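Reader: I would like a close look at one part of this model. Please walk me through the surroundings of the first ligand, then add what you can on its neighbourhood and on the strands.

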Amino acid sequence: MNFSDSEVVASILKNKGYELTDNSKDASLILLNTCSIRDKAEQTVRNKLKNFNSLKKDNDKLKVGVLGCMAERLKEKFLEEEKIVDLVVGPDSYKDLPNLLNEVENNQRAVNVILSKSETYGDISPVRIHNNGISAFVSITRGCDNMCTFCVVPFTRGRERSRSPESIIREMQELSDKGYKEVTLLGQNVDSYLWYGGGPKKDFIKANEEKKKNSIRFSQLLDLIATSFPKIRIRFSTSNPQDMTIDVIRTMAKYENICNHIHLPIQSGSDRILKKMNRLHTRQEYLDLIKKIKEIIPNCGISHDIMTGFPTETEKDHQDTLTLMEEVKYDYGYMFAYSERPGTYAARKFDDDVNNDIKQRRLEEIINLQQKHSKERNQRFIKKTCPVLVDKSSKKSKEFWSGRTSENNVVVFPKQNFSPGEIVDVTIEDCTSATLIGKVKKKSIAI
Ligand code: 5AD
Ligand code: SF4
């Protein structure tokens, strides 16, 4: 999300006459787009800021700004705590950057952290920063209304709102015209997408009948995008179990160009912990959803987010997470130790009472189990041929391309005459837990 937002910021600043530079020594302005999700992410930002001290000494015109969730969370306090910072701008205030920069250029420090009730950046064409010309992100919703008790996002990114289908299609068309091959639709909770003419999702109930009748949900948006851009591979992230509908899964199955991959965070396999997290679904409901996904899209890649050491988590709860992983057999996942975030319900009401060694040991156990499952899951591709979108050179060998299957597995294979951006049929011969290794038997036709 931050990556995508940085591209919006680059577009706004381009219109104010700024250019991008890869070299911080050349910069007159450095913006750090920050994350608050775990304490470690915030510490990384603070360490980065320390590195800018020497740059500022060498260049007294250099200005430093912080954007994103940490800016929103700390507000003016950021200026007190980090003297190097000139500018603090929350995720919904980037359009105000030109004004704020005028203040900063006059040697004032500036802050804007006002959250918005409507989609803020629908009309902006992002400047693609780390551009490979192949894959891009398109934001479709902002904010989150879920209020998981551990999570800072609803506080830093505000209420959930959706972007108009017209502006999404316009951005998709621009990407298509430039030859992009893959788009990931982004939102904290994409399944909750709901366009009814604009405004917070929670106000849909107050909308008039006409608006309700013409409203567009995520499955309809997916359908529209898949039919409008048959040559673009479509992915989306993130899904939430309680909001994902069967219509979405059926739409995925209906279109070849919607990738067979669902990122479906679970956080914990224990019903008691899920309830304490306010996750709004049970273990069984989650497993039922996984069963439906596998019925409708048998080969679907499924990934997860899991957290260890949430307040009061016992060995039994931890075992529930491990057994859930055994039941689902995920392709891969993102795993974290619980990090208490100031201001969240969990921070206010629960003691962070699982000691760090236990959190880390449980984390190691789930990571090890996931690695075992990833390897098992990857083995299902051996001797199979799958379409792979070539993306870049493999990190390990310049002789190999790296790309992704529809299920989101990384594949490496000898380069031959292929080029990034092509979809190539690769026959898989071997695998590790992280990578499929294959070769091309005949040249394929791009979809
Ligand atoms: N501590 C640890 N992990 C967290 N996540 C969100 N909040 C926290 C927290 N306070 C994880 C969740 C979420 C992912 C994006 O980050 O697993 O799905
Ligand atoms: Fe945070 Fe939960 Fe919203 Fe995800 S769904 S952003 S974890 S509140």
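Author: What follows starts at ligand 1, passes to ligand 2 and ends with a group of strands.

The model is predicted. Keep that in mind throughout.

Start with the shell of ligand 1. Ile37, Arg38, Phe150 and Gln267 belong to it. So do Asp305, Met307, Phe336 and Ala337. Tyr338, Ser339 and Arg341 complete the list. By class, this shell holds 6 nonpolar, 2 polar and 3 charged residues. Two strands stand out as suppliers. β13, residues 301-308, gives at least two residues to the shell around ligand 1. β14, residues 332-337, also gives at least two.

Now the polar contacts. Arg38 brings a polar side-chain atom to 3.0 Å from an oxygen atom of ligand 1. Gln267 also uses its side chain: one polar atom there lies 2.6 Å from an oxygen atom of the ligand. Phe150 uses its backbone instead. A backbone N or O atom of Phe150 sits 3.1 Å from a nitrogen atom of ligand 1. How much of ligand 1 does the protein cover? On its own, ligand 1 has 410 Å² of accessible area, and the protein covers 87% of it.

Phe150 leads on to ligand 2. Phe150 is listed around ligand 1, and Phe150 is listed around ligand 2 as well. The surroundings of ligand 2 include three cysteines: Cys144, Cys148 and Cys151. Asn146, Met147, Val153 and Pro154 are there too. Gln188, Asn240 and Arg279 join them. By class, the shell around ligand 2 has 7 nonpolar residues, 3 polar ones and 1 charged one.

Last, the strands. Take β2, residues 63-67. Is β2 mostly covered or mostly open? Mostly covered: 5 of its 5 residues are buried. Both faces are covered. Lys63, Gly65 and Leu67 lie on one side, and Val64 and Val66 on the other.

β2 has partners. One is β1, residues 29-34, which runs parallel to β2 and is joined to it by 5 bridges. Within that pairing, Leu29 has Lys63 as its bridge partner. Lys63 is also one of the buried residues of β2. Another partner is β3, residues 87-89. β2 and β3 pair in the parallel sense, over 3 bridges. Here Val66 is matched with Val88 of β3.

A helix completes this part. α2 spans residues 39-58. Together, β1, α2 and β2 form a right-handed β-α-β unit.

Notes: Residues numbered from 1 in each chain as written. Chains lettered and ligands numbered in written order. Predicted model: local features only at pLDDT ≥ 70, side-chain atom pairs only at ≥ 80, totals over all residues. Heavy atoms only, no water. Buried < 20%, exposed > 50% of the residue type's maximum accessible area, 1.4 Å probe, protein only. Helix = DSSP H or I, 4+ residues; strand = E, 2+ residues; numbered from the N terminus. Pairing = 2+ DSSP bridges. Right-handed = clockwise from strand over helix to strand, strands pointing away. Near = heavy atom within 4 Å. Polar contact = N/O pair within 3.5 Å; in protein donor to acceptor, adjacent residues only side chain to side chain. Areas by Shrake-Rupley, 256 points an atom, 1.4 Å probe, with all protein chains shown as cover. Nonpolar A, V, L, I, M, F, W, Y, C, P; charged D, E, K, R; others polar.
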